[in-house]
Amino acid sequence: MSKNGNDSFDARLKAAERRSGLEKKEDSAEKEDAVEQSLPGLALRAGAEMLSALIVGVAIGWELDHWLKTRAVFLILFALMGGGAGVLNVWRLVKSIDGK
């Protein structure tokens, strides 16, 4: 492709981003304000990630135990897996904040 074709594509892409509200803003002061304002939100999200992963794990284990008529084998196994998944999700959340 020619350079002129790439310029035309870039211009159309930027125009479409502006129209749809997806235009990227690179103002560092706004980024810092957004991070400071969203810390309670991030804490709530981290708690929700942990709790939801644990609840899903326990629910799957509970249902498997009832379906297969076993004792709490799957409940314990999936509770541990759900807890591990919750910790992993929170770790990813913290790493994404640290990378900004």
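A polar contact is a pair of N or O atoms within 3.5 Å; within protein, one must be able to donate a hydrogen and the other to accept it, and residues adjacent in sequence count only if both atoms are side-chain atoms. The close-ups below come from a predicted model, where local features need pLDDT of at least 70 and side-chain atom pairs count only at pLDDT 80 or more, while totals for chains, interfaces and linings use all residues. Residues are numbered from 1 along each chain as its sequence is written, and side-chain values use heavy atoms, with hydrogens and water left out.

**View 1. The protein chain and its four helices.**
Let us start with the overall picture. The protein chain has four helices and zero strands (DSSP runs numbered from the N terminus: H or I of at least four residues for helices, E of at least two for strands). In sequence order the pattern reads α-α-α-α. Of the 100 residues, 13% are buried (buried is under 20% relative accessible area, exposed over 50%, partly exposed in between, with a 1.4 Å probe and protein chains only). Among contacts (heavy atoms within 4.5 Å) with a separation of 6 or more, 49% join residues 24 or more positions apart. The mean pLDDT, the predictor's confidence in each residue from 0 to 100, is 84 for the protein chain, and 81% of its residues reach 70 or more. Where is confidence lowest, and where highest? Helix H2 (residues 28-37) has the lowest mean, 54, whereas H3 has the highest, 94. Where pLDDT is low, the predicted coordinates should not be read in detail.

**View 2. Asp 65 and its surroundings.**
Asp 65 belongs to helix H3. Buried or exposed, and with what salt bridge? Asp 65 is buried and has no salt bridge (a side-chain nitrogen of Lys or Arg within 4 Å of a carboxyl oxygen of Asp or Glu). Its nearest side chain of opposite charge is Arg 71, 9.8 Å away (Lys and Arg count as positive, Asp and Glu as negative, and His and the chain ends are not counted). What the Asp 65 side chain does have is a polar contact of 2.7 Å with the side chain of Thr 70. Setting aside residues up to four places away in sequence, Asp 65 touches Thr 70, Arg 71, Ala 72, Val 73, Phe 74 and Leu 75.

**View 3. Lys 69 in the loop between H3 and H4.**
Follow the chain out of helix H3 (39-68) and you reach Lys 69, in the loop before helix H4 (73-98). Lys 69 is not a glycine, yet its phi is positive, at about 55°. Lys 69 is also exposed, because its relative accessible area is 73%.

**View 4. The salt bridge of Arg 45 and Glu 49.**
How many salt bridges does the rule give? The count is one. The partners are the side chains of Arg 45 and Glu 49, at 3.6 Å from N to O. Both residues sit in helix H3, four residues apart, or about one turn of the helix. Arg 45 is partly exposed at 45% relative accessibility, and Glu 49 is partly exposed at 22%.

**View 5. Gly 86 and Leu 54, from helices H4 and H3.**
Gly 86 lies in helix H4 and counts as buried because its relative accessibility is 0%. Leaving out neighbours within four places in sequence, Gly 86 is in contact with Glu 49, Met 50 and Ala 53. Its C-alpha atom is 8.6 Å from that of Ala 46, 40 residues apart along the chain. Leu 54, in helix H3, is 32 residues from Gly 86 along the chain, with 6.7 Å between their C-alpha atoms. Leu 54 is partly exposed, with a relative accessible area of 37%. It touches Ala 79, Gly 82 and Gly 83, not counting residues up to four places away in sequence.

**View 6. Arg 92 and the annotated span 74-94.**
An unreviewed UniProt entry lists residues 74-94 as "transmembrane region"; UniProt positions are in the numbering used here, feature names are shortened, and annotations may be inferred rather than shown by experiment. In the model, this span is 100% helix and 0% strand, and its end C-alpha atoms lie 30 Å apart. Arg 92 is in helix H4 and is exposed, with a relative accessible area of 51%. The C-alpha atoms of Arg 92 and Ala 46 are separated by 9.9 Å, with their positions 46 residues apart along the chain.
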